[in-house]
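Thank you all for coming; I would like to take a few minutes on one model and on the place where its ligand sits. Please have a look at the picture first.

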Amino acid sequence: MISGPSITCDDHMQKYRHINIEEQNYCSPIEEIHTMYGSGANSNQPIIVLKEGTERSKDKEAQFNNIAAAKAVADAVRSTLGPKGMDKMLVDTIGDVVITNDGVTILKEIDIQHPAAKMVVEVAKTQDTECGDGTTTSVVLAGELLKQSEALIDSNIHPTVITNGFKLAAAKAVEVLNNIAVDVSNDEMLKKVAMTAMTGKSIGGEEDHLADIIVKAARTVQEGKRVDTSNVRLEKKAGGVINDSYMIQGLVIDKQRVHPRMPKMIKNAKIALFTTQMENKKTEVDAQISITDPSSMQSFLSQEEVLLKKMVDRCKEVGANVVFCQKGVDDLVQHYMAKQGIFCCRRLKQSDMEAIAKATGANLIGEILEVQPSDLGTADVVEEKEVGQDSMTFITGCKNPKAVSIVIRGGTEHVMDEVDRAMTDGIRVVGVAIEDGKVVAGAGAPEIELELRLAEYAATIGGREQLAIEAFSKAMEVIPWTIAENAGIDSIDAIIKLKNAHEKQKNGKYFGLDLDTGEAADMLKKNVIEPLRVKVQAINSAAEVANMILRIDDVIASRRAPPTNPMGDPNMGGPGMSGIGGMM
Ligand code: ADP
Ligand code: MG
C-alpha cells in the first residue's frame, strides 16, 4: 500500500475538538464510564466498568468524528464519478496493481480502519450486489448527506429530527423517481443502458460492440421476467484486441479432453454430466484382501475392470458421445472411451457442471449406470480449441441455452480486467432493466429533479424536519456538481443551467448535463440512460447509512495497539481510531 498522509477531518472538527478539550476536560466521559460511583454505604468506592485503555468518544465529538470519516471515504472516490472521471491505481502490499474507475473496486482494495468509514464501504458493496452499478454515486451521496447534516447538528438540531427528515425525504425521493421513470421499450434502449454503465471505464471505445454482446447474452439467459446474470460467464483470454471479444451460443469450459486419442471435435453432441467419479471406489476402511491362487487374482482384477467397462458401455448404450465428469476418470475408462470415440473432460467445477446443464438441457447424474437417454443434453458441436496459448473446450450451438459464455480478449491482463468489470456492470444493469422494465435519464437529470421536488415537499412538512428535508434536497446536487467538476466544466454554471431546464423546458425532467457542450440536454435523446433501480437503491442506501451514522452518539472502542497519534492531533480520526490510513 502506498503510504502518505491519512485523510483527515475538516476544520470544523478541529474547532470542535479544541472547544471540547478546553471547556470540559477531554477525559471526563471516559472516566465517567470507567469508574462509576456507587450509592449508599460505599458511595466512595469507584466501580470499574470498562477495561483500562478503552477509548471513548461521545455526543457531538463522536458524531463529527464519524461524519468526517464517512466524508473522507466519499472524497476518496469522488474524482472517479461520471464518464470523465479519473482512474485510480491501487498497489497492494505485494505490489499487485489494479487500475480502475470502479467505486466499489477501489473501496474493496484499500485498507479502511475507521468503523464509520467501513459502514460507508458497505453501502458500496450493497449497491454492487443489488444493482451492479451506481456504487460511486451511493457513496458520494452518503458523504454529502452527512456533510449537510453537520451544519444542522451544529445549530443544535437533534440527530433524531434529522434522521426522521431524511427518512421522509428518501421515501418522497423514491416516489419522484418512479414518476420520472420511463418504460423499456426495446433492446436498443437496453443497449444504451449498457453503454451508459460502461462509459468512463477504460475499454478503448468499444462500448458499442460490447453492449451488443451484453444485450444478446442477457436476452439469451432470460427466463420469463427473470435474468440471472450469474448465468452469463466471462472468460478472459489474453491476446487479440477488445473488439475480438464475442459471445458464444453455449459455453467455454477451461478444460481439455482427458485422453489425446479422443476426438478433438464432436458434431451433434449428446452430453452426459456425471457428478460421481468414473473410478473404482476406494474402501473407506483399510481392508486387506489376501489372494492365494493366481486365478482368483485374475478374476479379482477383471471384476474391477468389468465394472469400469460397464460405465463406458452404459454411456454408449444411451448414445452419449460427450462426457463431463465432476470427479476423476480412471485410466482404463479413458482408454475405453477413447476407443469408443467419446470426448471426455474430468474434474470440472460444480459451477461449470451446473452451467453446462443449463446450456445444454442435460441432467446431473450421480449414478452412472442409471443414466437414461433423456438425461443427455445436446449441442451442435463440442470441440477442444486453442485460444491464445491454452486449449479450452467449446460447447456451441446449444438450442435454447440458459447459460452462455462471453470470451473477453485484450492485449494485457489489466485491459481485460477492466473490460471484465465494465461488462459485469453492463450485464447487471441490463438484467435489472429487463427485470424492472423501468429506466431513468442519467447525467444528473434525476438528481436535479429530486432536488427541486424535494424542496417543494419540504415546504409542505414544516417544523424542524423541514430543515432536514431541505438538506437532503441540497445534497442531491452533489452528483451533477461532481460529474461537471470531473469533466472540467464549471459546476455552478452547470447546476444553474440544469435547474433552469428542469423548470422551464418541455420534458425538463430528462435534462442532464451534456459533457461535450456543458449545456443541459434531454438525456433520453442523448442516450444516457440508467435503470430506475440503480437510482432508487443509491438513494435508499445512502440515506440509511447516513441515518445510522447520525444516530451514533457514543463510540466505545477497545484498545488493540497503543495510539500512534497524540490526542488533539488534527490528523487523527478520533482517539485510538485512525482515519483512512495508507491510502494513495
Ligand atoms: P457509479 O459507480 O455511481 O456508477 P460512474 O462513474 O459510473 O459511477 O458514473 C455514473 C454517473 O455518470 C451517473 O450519474 C450517470 O448518469 C453519469 N453518466 C454516465 N454516462 C454519462 C454521459 N455520457 N454523460 C453524462 N453523464 C453520464
Ligand atoms: Mg457506473
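Which polar side-chain atom lies 2.5 Å from an oxygen atom of ligand 1? It belongs to Thr137, and I count it as a polar contact, meaning a pair of N or O atoms within 3.5 Å. Before going on, I should say that this is a predicted model, in which local features need pLDDT of at least 70 and side-chain atom pairs count only at pLDDT 80 or more, while totals for chains, interfaces and linings use all residues. Residues are numbered from 1 along each chain as written, chains are lettered from A and ligands numbered from 1 in the order written, and side-chain values use heavy atoms, with hydrogens and water left out.

The backbone takes part as well, since a polar backbone atom of Gly134 is 3.0 Å from an oxygen atom of ligand 1, and one of Thr80 is 3.4 Å from an oxygen atom of the ligand. Of the 570 Å² of accessible area that ligand 1 has on its own, the protein covers 92%, by the Shrake-Rupley method with a 1.4 Å probe.

By class, the shell around ligand 1 has seven nonpolar, ten polar and three charged residues, with Gly counted among the polar ones. Helix H6, residues 135–154, gives the largest share of that shell, three residues; a helix here is a DSSP run of H or I with at least four residues.

Turning to the pocket, about 780 Å³ of space lies in the largest one. Its lining has 37 residues, and those closest to its centre are Gly82, Pro83, Thr196, Thr199 and Val528. A pocket is an open set of points on a 1 Å grid over the protein atoms alone, where a 1.4 Å probe fits, with protein on both sides within 12 Å along at least five of seven lines, and lining residues have an atom within 4 Å of a point.

How values were computed: A polar contact is a pair of N or O atoms within 3.5 Å; within protein, one must be able to donate a hydrogen and the other to accept it, and residues adjacent in sequence count only if both atoms are side-chain atoms. Helices (H or I, at least four residues) and strands (E, at least two) are DSSP runs, numbered from the N terminus. Grid points are joined across faces, edges and corners, and a volume is the space filled by probe spheres set on the points.
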